[in-house]
Amino acid sequence: MNSLKVIFDRDTWQEIFGSISKNKTRTIITVIGVLWGIFIYIALSGAAKGLDNGFERQFENIAMNSMFIWAQRTSIPFDGFKIGRSIELKLSDIDYIKQRIPEVEFIAPRNARGVFGGVSPLVVRNNKSSNYNVYGDFPEYTKIATKKIYDGGRFINEEDIRYRRKVCVIGERTQTELFEEDENPIGQYVKIDNIYFQVIGVHKFVPGGGFESDGDIFIPFETFRQLYNTGETVQWFTIAAYDDADVVAVEKDVKTALKRIHRVSPKDERAFGGFNLGEIFNKVVGFSKGMTLLSLIVGIATIIAGVIGIGNILLISVKERTKELGVRRALGATPGEVRNQIILESVFLTVIAGILGIVLGAIVLAGINSATVNMTDFPYTNPTVPIPFVLGALFIMVFLGTLIGLIPAQRAVSIKPIDALREE
Amino acid sequence: MIQIKNLHKSYQMGSSSLHVLKGINFNVEEGELVAIMGSSGSGKSTLLNILGMLDTAEEGDYILDDVPIKDLNETKAAKYRNKFLGFVFQSFNLINYKTALENVSLPLYYQGIPRKERQQEALDYLEKVGLKDWATHLPSELSGGQKQRVAIARALASKPKVLLADEPTGALDTTTSYEVMDLIQKINQEGKTILVVTHELDIAQMCKRIVLLKDGVIIEDKKVEQVFASSYVQ
């Protein structure tokens, strides 16, 4: 009999099933050992993936390699200036940074009202009004931080900047608070600090992206500049580096460049503030990678422990069945057939346990998923285990099952039928 | 059917060697029913084991159905056992988690006979030993005599050339023993060659020929008037 035929032969399985169902309690306990292993593996790696997805969702609306840079006060006297001088970023800094630091892909200057202290402007429509944060933005901003705009609307474009149009993109909350439920806000007018602005879009708020909210209003940078008379001043830059750039180095370079323009001591660490999303993102990614690796190691170690348990049980079982195996040999079973049977028993137990463990793990993951699906502030999304991981685990189990089955199988074969029959 | 020439076998017991068979010569023709007798230690079981290819001799020739049995590896021995020999043991050696039918069909399984065919054949053999109605019963649900009959059916299932019975009645009471011997005699009458190892004279006398072993040599080999077990069985 060739081995492939043995595997697909119904009788082979009947033999195997017969002998493993002989001692049900022991079989079940053995199966639980491996089942537990694969369950831990699936649950852990699924949870790690969920965490990974969760973190990714937290960052999904902003470029992973981006940073914010703002100006503060100097902490070192330099070039004739005394300590504590206030520094303001200028629009002209942009060209300088772009020139000096080729790793910078996009740089978007931003001004805002009501975000970092100060009063949010009053926004009025008909008889409804409320205070919302207002940002002055360039179209480039959406290349760094994605803004999802509802159908029919758009974000600020170059024309808006050039003609200093009085247009605005409002938030979901702004829409619900200022407009009627069935009203389309696009094309309507709202009054921001007593100036009429036409609504050109409604942005969908994606949580987890820093200090922004679902009530934010975006207007063209130039319009903002004229409205609030900010001149050349920029409150902060949002900078995105190219994907392959080292974001930490880019941040340092940008700050160095800014120090030079604004005549700040190169040693002054406080003159410019920065918040490096890329750096944080890398840490988070590193963390979740570590979690994945940990879950992989723990899972596989548990599987191995379970499979060793199966080998152990089969070894005892072979000892108990010495006589039976002797009878089988006397009736014409070749050593190969006996070996195959024991190995297949091992593999069968392992695979059954594995499949049950995968199913159980999947159920638990589904449970966790449905429990956390609406928790937007909890970084946990769609806990899944990639199919290659599952197949890999199954393969490892079949492999280990075979390997561990070889030990009892070899033991079974090494006993001579005559000795096996003599044993009482 | 069986030709044995100058068979020697010894066991290594630590430093000393125990010479169990000291030159056995004997032939068995087809259709014979031979009893091998002897006290314990006479070497009768060793002889049967060698005949059954469960053990190998150090010296001598063994020809079974014109096939010289030598240089056996385990796989080859298993194939020969399956093809040539049927075993009946003192302690029945049925597989306790298999039904009577499954036990009987086991040698056919190792012959690679398809399932349906195998079960039909096994059922036929169970019918032959009068246990068709017990086909689905486990060995634990059968009496000693029934178990041995199942074992005989199993031994016959592979259609062996020779049936080897090692103390087939050793674990049975007298009445049951005679029933089993009656069955063995009937099978023999159908032409099957059967060797029975026993130390009970009444069982031996139910065979056609008695071979007496003592200290590893045949001291007597005689044809006897067969006593029919059926005369003891109602």
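Of the 234 residues of chain B, 49% count as buried. This is a predicted model, so please take every value I give as computed from it. Chain B has seven helices and ten strands. As for its contacts with a separation of 6 or more, 68% are between residues 24 or more positions apart.

Let me go to the sheet. Four strands of chain B make up an open sheet, and the order is E2-E1-E4-E5. Pairing in this sheet is antiparallel. Which strands stand at the edges? They are E2, residues 16-28, and E5, residues 67-68, both of chain B. Each has a single partner strand, so one side of each is left without a neighbour in the sheet. Further in, strand E1 of chain B, residues 2-13, is joined by five bridges to strand E4 of chain B, residues 59-64. To give one residue pair, Gln3(B) has Ile63(B) as its bridge partner in E4(B).

Next, helix H1 of chain B, residues 44-51. This helix is mostly covered, with eight of its eight residues buried. The buried residues include nonpolar ones such as Leu47(B), Leu48(B), Ile50(B) and Leu51(B), but Lys44(B), Ser45(B), Thr46(B) and Asn49(B) are on the list as well. After H1(B) comes Met53(B), which has a positive phi, near 60 degrees.

H1(B) also brings us to Ile36(B). Leaving aside residues up to four places away in sequence, Ile36(B) touches Lys44(B), Leu47(B) and Leu48(B). Its other contacts under that rule are Leu195(B), Val197(B), Val211(B) and Leu213(B).

Ile36(B) belongs to the largest nonpolar core, which has 121 residues. Ile38(A), Ile36(B) and Leu195(B) are the residues with the most contacts inside this core. Which element gives the largest share of this core? That is helix H3 of chain A, residues 24-58, with 13 residues. Apart from this core lies another, of 52 residues. Among its members are Ala112(A), Phe138(A), Val250(A) and Val254(A).

Last, the contact between the two chains. Chain B puts in 23 residues and chain A 20 residues. On the side of chain B that touches chain A, two or more residues come from each of helix H2, 74-84, and helix H3, 100-110, of chain B. H2(B) gives the most to that side, with six residues. How do the residues of this side of chain B divide by type? Ten are nonpolar, seven polar and six charged.

Conventions. Residues are numbered from 1 along each chain as its sequence is written. Chains are lettered from A and ligands numbered from 1 in the order in which they are written. This is a predicted model: local features need pLDDT of at least 70, side-chain atom pairs count only at pLDDT 80 or more; totals for chains, interfaces and linings use all residues. A nonpolar core is a set of buried Ala, Val, Leu, Ile, Met, Phe, Trp, Tyr and Cys residues joined through C-beta atoms within 7 Å. A residue is buried if 20 or more other C-beta atoms lie within 10 Å of its own, exposed if 12 or fewer, and partly exposed in between; C-beta atoms are placed from the backbone. Two residues are in contact if their C-beta atoms, placed from the backbone, lie within 7 Å. Two strands pair if DSSP finds at least two bridges between them.
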